[in-house]
Amino acid sequence: MKQVIKIALCSAMIATVSVPAVAAEPFEDEIKARQGYYQVIKYNFGLLGAMVKGKKDYDAAMADTAAKNILAMSKLDNSLLWPKGSDNSKLDNTRAKPGIWENYPDVKEKSGNWKAAVETLAGEAGNGLDALKGSFGPVGKACKACHDDYKAK
Ligand code: HEC
């Protein structure tokens, strides 16, 4: 009898402990996809950054391609990748703060500012190093504006 109760208690404890892990699973794909999305942006933006900082020779065709890739990325409808509840208050595989879902109009505005800056960058990046330099900074600021409020360090 004692044995049976012990086993029952034990499995009840295991069930309690494993609930958060099970609940985290539904968003795993979305989180991976949106992080991969940002990694592709980072790669292209990083190339431009290296040219801006003189760590890489300016190459008009490469700069044009990288900037246009970011522009193409900025036009994706990523709404499916941000399901409610997929924030870092309960999950540890994301740095997305809950504020994204609480202040959606502000996120949309920051995202809109970013898209506008990317549009300018895509038009300028291939027109010489000075043109790239002039349009790169505002995009970096727009990335940071969103990260400061909505991405955990
Ligand atoms: C409108 C908001 C917003 C803008 C604009 C934005 N980001 Fe992010 N970024 C996020 C959020 C939120 C995350 C966290 C995603 C997660 O962990 O689920 C993130 C994550 C990232 C990551 C980490 C991805 C990973 O592997 O975990 C990188 C790199 C990144 N962003 C780069 C950039 C760059 C570069 C720009 C600008 C060219 C940019 N982001 C613009 C919101 C934004």
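**Exercise 1. Work out the order of elements along the protein chain, from the N terminus on.**

Solution. Start at the N terminus of this predicted model and walk along: the elements run α-α-α-α-α-α. Tally them up and you get 6 helices and 0 strands. Next, look at how the chain packs. Of its 153 residues, 30% count as buried. For the contacts with a separation of 6 or more, 68% come from residues 24 or more positions apart.

**Exercise 2. Find the protein donor to the iron atom of the ligand and say which helix holds H147.**

Solution. Go to the iron atom and look for protein donors: there is a single one, NE2 of H147, 2.1 Å away. Now place that residue in the fold. H147 belongs to helix α6, which covers residues 129-150.

**Exercise 3. Describe the largest pocket: its volume, its lining and the elements that contribute.**

Solution. First the volume, which is about 1400 Å³. Then the lining: 40 residues take part, and those closest to the pocket centre are Y37, Y38, W82, C146 and H147. H147 is a name you've already met, as the iron donor.

Now sort the lining by element. Two or more residues come from each of α2 (28-52), α3, α4, α5 (104-124) and α6. The largest share belongs to α2, with 9 residues. Finally, sort by class: 18 nonpolar, 11 polar and 11 charged residues.

**Exercise 4. Classify the aromatic pair Y37 and Y38, then ask of each residue: buried or partly exposed?**

Solution. You need two values here, since a pair of aromatic rings is described by the distance of the centres and the angle of the planes. The model has 3 aromatic pairs by the rule used. For Y37 and Y38, the ring centres are 5.2 Å apart and the planes meet at 70°. An angle over 60 degrees counts as edge-to-face, so that's the label for this pair.

On to accessibility. Y37 has a relative accessible area of 9%, so Y37 is buried. Y38 comes out at 40%, which makes Y38 partly exposed.

**Exercise 5. Do the geometry for W82 and W101, and work out which parts of the chain the pair ties together.**

Solution. The two rings are 6.2 Å apart, centre to centre, with 50° between the planes, and the pair is tilted. Now locate the partners: W82 is in the loop between α3 (60-74) and α4 (99-102), while W101 is in α4 itself. The pair therefore ties together parts 19 residues apart in sequence. As for W82, a relative accessible area of 23% makes this residue partly exposed.

**Exercise 6. Take S135 and L129 and find what each contacts, leaving aside neighbours within four places in sequence.**

Solution. Begin with S135, a residue of helix α6. Its relative accessible area is just 3%, so S135 is buried. With those sequence neighbours set aside, S135 touches T120, L121 and E124. These numbers fall in the range of α5 (104-124).

L129 is found in helix α6 too. With a relative accessible area of 28%, L129 is partly exposed. Under the same exclusion, L129 is in contact with M51, V52 and Y58. One last step is a C-alpha check against D57: the two residues are 72 residues apart along the chain, yet their C-alpha atoms are separated by 9.4 Å.

Key. Residues numbered from 1 in each chain as written. Predicted model: local features only at pLDDT ≥ 70, side-chain atom pairs only at ≥ 80, totals over all residues. Heavy atoms only, no water. Phe/Tyr/Trp six-rings, centres within 6.5 Å; stacked < 30°, edge-to-face > 60°. Buried < 20%, exposed > 50% of the residue type's maximum accessible area, 1.4 Å probe, protein only. Helix = DSSP H or I, 4+ residues; strand = E, 2+ residues; numbered from the N terminus. Donors = N, O, S within 2.8 Å, 3.2 Å for Na, K, Ca; no water. 1 Å grid on protein atoms, 1.4 Å probe; cavity = no way out; pocket = protein on both sides within 12 Å on 5 of 7 lines; lining within 4 Å. Points joined across faces, edges and corners; volume = space filled by probe spheres on them. Nonpolar A, V, L, I, M, F, W, Y, C, P; charged D, E, K, R; others polar. Contact = heavy atoms within 4.5 Å.
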